[in-house]
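I opened this notebook to record what I looked up in one structure. The entries follow the order in which I worked.

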Amino acid sequence: MKTKVFILLALLLFITDTKANENLDQSKLTGTWVLVSSQDGNEPMQVVAEDSPLLYQKQFNGTHFCAITYDRKGVALRIVGGTYKLNGSQYYETIEFSNIKDLPNTKSTFVIEIKGNEMRITGTVADGMRKLSEVWKKLE
């Protein structure tokens, strides 16, 4: 039941707040992205194989993001969302909701690079709780 509530909340954010913040150049960021590889802390970089049991998507509009991890049956396992800001190559997330108990009301700070349909982010999650590096591919 909690999963359904989080998904509905995420969808409402995207439907009700699509006005782009004029201070952000989010045109390259807006859309849906899928995770290609990830490095959590000092662990080795892990490639997300096409036959992985999990699917990772991240969606952006002009002011908000939502990241959802699904299993292959389409069941949402992890949901994180909130607002974001861009300032040059600096990318900031304010996590407003999540089904992971320690994430709501935290901030994440990344360096972001977008080239074509590839996005790389590297930084710290949840007020510096852990380091994270990810590579995402934009869905066309």
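The entries below go from the whole chain to its aromatic rings and then to one loop residue.

**Entry 1: the chain as a whole.** I note at the outset that the model is predicted. I looked up the secondary structure and found 1 helix and 9 strands. Read from the N terminus, the order is α-β-β-β-β-β-β-β-β-β. I then turned to burial: 37% of the 140 residues count as buried. The exposed surface of the chain comes to about 8,500 Å², and carbon and sulfur atoms supply 54% of this area. For contacts with a separation of 6 or more, I recorded that 39% join residues 24 or more positions apart.

**Entry 2: aromatic pairs.** How many aromatic pairs does a search of the whole structure find? The search returned 4. I looked up F60 and Y84: their ring centres are 5.4 Å apart and their planes stand at 90 degrees, so I entered the pair as edge-to-face. The cut-off for that class is an angle over 60 degrees.

I next asked where the two partners lie in the chain. F60 belongs to strand 3 (residues 54-60) and Y84 to strand 5 (residues 76-87), so this pair ties together parts 24 residues apart in sequence.

Are F60 and Y84 buried or exposed? F60 has a relative accessibility of 4% and therefore counts as buried. Y84, at 3%, also counts as buried. The limit applied here is under 20% relative accessible area.

**Entry 3: a further partner of Y84.** Y84 also pairs with Y91, with 5.9 Å from centre to centre and 40 degrees between the planes; I entered this pair as tilted. Both Y84 and Y91 are buried. I then traced the ring pairs onward and found that they link F60, Y84, Y91 and F110 into a cluster.

**Entry 4: residue T30.** Where does T30 lie? I located T30 in the loop between helix 1 (2-16) and strand 1 (31-40). Its relative accessibility is 29%, so I recorded T30 as partly exposed; that class covers values between 20% and 50%.

Which residues does T30 touch, leaving aside those up to four places away in sequence? I listed F60, N61, G62 and K138. F60 thus appears in this contact list and also in the aromatic cluster. I also looked up the spacing of T30 and Q59: the two are 29 residues apart in sequence, and their C-alpha atoms are 7.3 Å apart in space.

How values were computed:
Residues numbered from 1 in each chain as written. Predicted model: local features only at pLDDT ≥ 70, side-chain atom pairs only at ≥ 80, totals over all residues. Heavy atoms only, no water. Phe/Tyr/Trp six-rings, centres within 6.5 Å; stacked < 30°, edge-to-face > 60°. Helix = DSSP H or I, 4+ residues; strand = E, 2+ residues; numbered from the N terminus. Buried < 20%, exposed > 50% of the residue type's maximum accessible area, 1.4 Å probe, protein only. Contact = heavy atoms within 4.5 Å. Areas by Shrake-Rupley, 256 points an atom, 1.4 Å probe, with all protein chains shown as cover.
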